[in-house]
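Me: I would like to go through this model with you, taking its ligand site, its pockets and its cavity in turn. Could you keep each answer short, and finish on what was asked for?

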Amino acid sequence: MSVLLVSGTDTGVGKTWVSCGVLRTARAAGLRVAARKPAETGCDPDASGNLVGSDAVALHAAAGGEEPVDAVCPIRLPDPLAPAFAARRAGVTIDVRDVVASCSARAREVDLLLVEGAGGLLVPLVDRYAFADLARELEARLLLVVGARLGAINHAMLSLEVAAARDIPVVGSIVNHFSTTVDLATETLAASLRELTDVPLLAEIGHGVDPASVLRPETIRSLTG
Ligand SMILES: Nc1ncnc2c1ncn2[C@@H]1O[C@H](COP(=O)(O)OP(=O)(O)O)[C@@H](O)[C@H]1O
Ligand SMILES: [Mg+2]
């Protein structure tokens, strides 16, 4: 069983972008994959009034569309907040045991279960239970998406410290140029991270670049443990 938690230095830094590339590359390499987004917030209603999670839809397609979208993401919430708070405002109870059971059961059926978090590692899923706690419980390894912007070094190092403090193995980080902004900070980020940490920098994804065109097969194999 191989579970990969994709977390990020922040929200909106490219976790879904990278996750979809990882899933497609892994499928192209012949691996059986599945995806989970335990809870998605900031969801808009479709024409029938059902909340749609855009991450869930993208992950579902990238994973091959075998399961219903509801299996990929059973909890969709309207408010753009951390899941614990969005759920409370919507009167929804998130049961961590259901999340863990769904992820564990699916992980046993595939070579790689990719779980996309919400925001960063310490974002609460329920009350004081954060995605870092979920990673522990699933015995997941961490893939950290570092969004290229000034300030990312601090967020990356904080995330890696949290992972180390909780014994969450880190497979590596990916620097993602999610924004069109190019400045000294974005240009030097990858080199700075290499200098500051021994965590492998698996790839640097340029703006507009499909991660599937950058990720190497051996990198994907390293993700499956
Ligand atoms: N390398 C990239 N090139 C172009 N657009 C990107 C890239 N990475 C992310 N984006 C875009 O930036 C936005 C945020 O990315 P997303 O993957 O949704 O972030 P997260 O999942 O971390 O919230 C999306 O509109 C996405 O399409
Ligand atoms: Mg996302």
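Me: How far does a backbone N or O atom of V13 lie from an oxygen atom of ligand 1?
Reply: The model is a predicted one, and the distance is computed from its atoms. A polar contact is a pair of N or O atoms within 3.5 Å. The pair formed by a backbone N or O atom of V13 and an oxygen atom of ligand 1 has a separation of 3.2 Å.

Me: What share of the accessible area of ligand 1 does the protein cover?
Reply: Taken on its own, ligand 1 has 560 Å² of accessible area. Of that area, the part covered by the protein comes to 73%.

Me: Which atom of K15 lies 2.8 Å from an oxygen atom of ligand 1, and what kind of atom does W17 place 2.9 Å from one?
Reply: For K15, the atom at 2.8 Å from a ligand 1 oxygen is a polar side-chain atom. W17 comes to 2.9 Å from an oxygen atom of ligand 1 through a backbone N or O atom.

Me: Which residues come nearest to ligand 1?
Reply: There are 14 residues around ligand 1, and by class they are three nonpolar, nine polar and two charged. The largest share of this shell, three residues, is supplied by α1. Those that come nearest to the ligand are G12, K15, T16, W17 and G208.

Me: Which element gives the most to the lining of the largest pocket?
Reply: The largest pocket holds about 300 Å³ of space, and among its 21 lining residues T11, T16, K37, E40 and D55 are the closest to the centre. The lining divides into six nonpolar, nine polar and six charged residues. Both α1 (15-28) and α2 (54-62) supply at least two residues of it, and the element that gives the most, with three residues, is α1.

Me: How many charged residues are there in the lining of the second largest pocket?
Reply: This pocket has a volume of about 150 Å³, and its lining includes G8, T9, H155 and S159. Helix α7, spanning residues 152-165, gives the most to that lining, with four residues. By class the lining has four nonpolar and five polar residues, and the number of charged ones is no more than none.

Me: Which strand gives the most to the lining of the largest cavity?
Reply: A search of the whole structure for cavities of 30 Å³ or more finds one, and the volume of the largest cavity is about 60 Å³. Its lining includes V33, A34, A35, H60 and R106, and it divides into five nonpolar, two polar and three charged residues. With three residues, the strand that gives the most is β2 (residues 33-36).

Me: Is V18 buried or exposed?
Reply: V18 is placed in helix α1, and its C-alpha atom is 8.2 Å from that of D210, although the two are 192 residues apart in sequence. Its relative accessible area is 1%. The cut-off for the lowest class is under 20%, so V18 counts as buried.

Me: What is the relative accessible area of D10?
Reply: D10 sits in the loop between β1 (3-8) and α1. The C-alpha atoms of D10 and E218 are separated by 27 Å, with their positions 208 residues apart along the chain. D10 is classed as partly exposed, because its relative accessible area is 27%.

Me: Where is E139 found, and what is its phi?
Reply: E139 is exposed, with a relative accessible area of 68%. The loop between α6 (131-138) and β8 (141-147) is where E139 is found. E139 is a residue other than glycine, yet its phi is positive, near 50 degrees.

Me: What value does phi take in D167?
Reply: D167 lies in the loop between α7 and β9 (170-176). With a relative accessible area of 57%, D167 is exposed. Although D167 is not a glycine, its phi is positive, at about 60 degrees.

Conventions: Residues are numbered from 1 along each chain as its sequence is written. Chains are lettered from A and ligands numbered from 1 in the order in which they are written. This is a predicted model: local features need pLDDT of at least 70, side-chain atom pairs count only at pLDDT 80 or more; totals for chains, interfaces and linings use all residues. Side-chain values use heavy atoms; hydrogens and water are left out. On a 1 Å grid over the protein atoms alone, a cavity is a set of points where a 1.4 Å probe fits but cannot get out, and a pocket is an open set with protein on both sides within 12 Å along at least five of seven lines; lining residues have an atom within 4 Å of a point. Grid points are joined across faces, edges and corners, and a volume is the space filled by probe spheres set on the points. Ala, Val, Leu, Ile, Met, Phe, Trp, Tyr, Cys and Pro count as nonpolar, Asp, Glu, Lys and Arg as charged, and the others, Gly among them, as polar. A residue is near a molecule or strand if one of its heavy atoms lies within 4 Å of it. A polar contact is a pair of N or O atoms within 3.5 Å; within protein, one must be able to donate a hydrogen and the other to accept it, and residues adjacent in sequence count only if both atoms are side-chain atoms. Accessible areas come from the Shrake-Rupley method with a 1.4 Å probe; for residues, only the protein chains shown count as cover. Buried means under 20% relative accessible area, exposed over 50%, partly exposed in between (1.4 Å probe, protein chains only).
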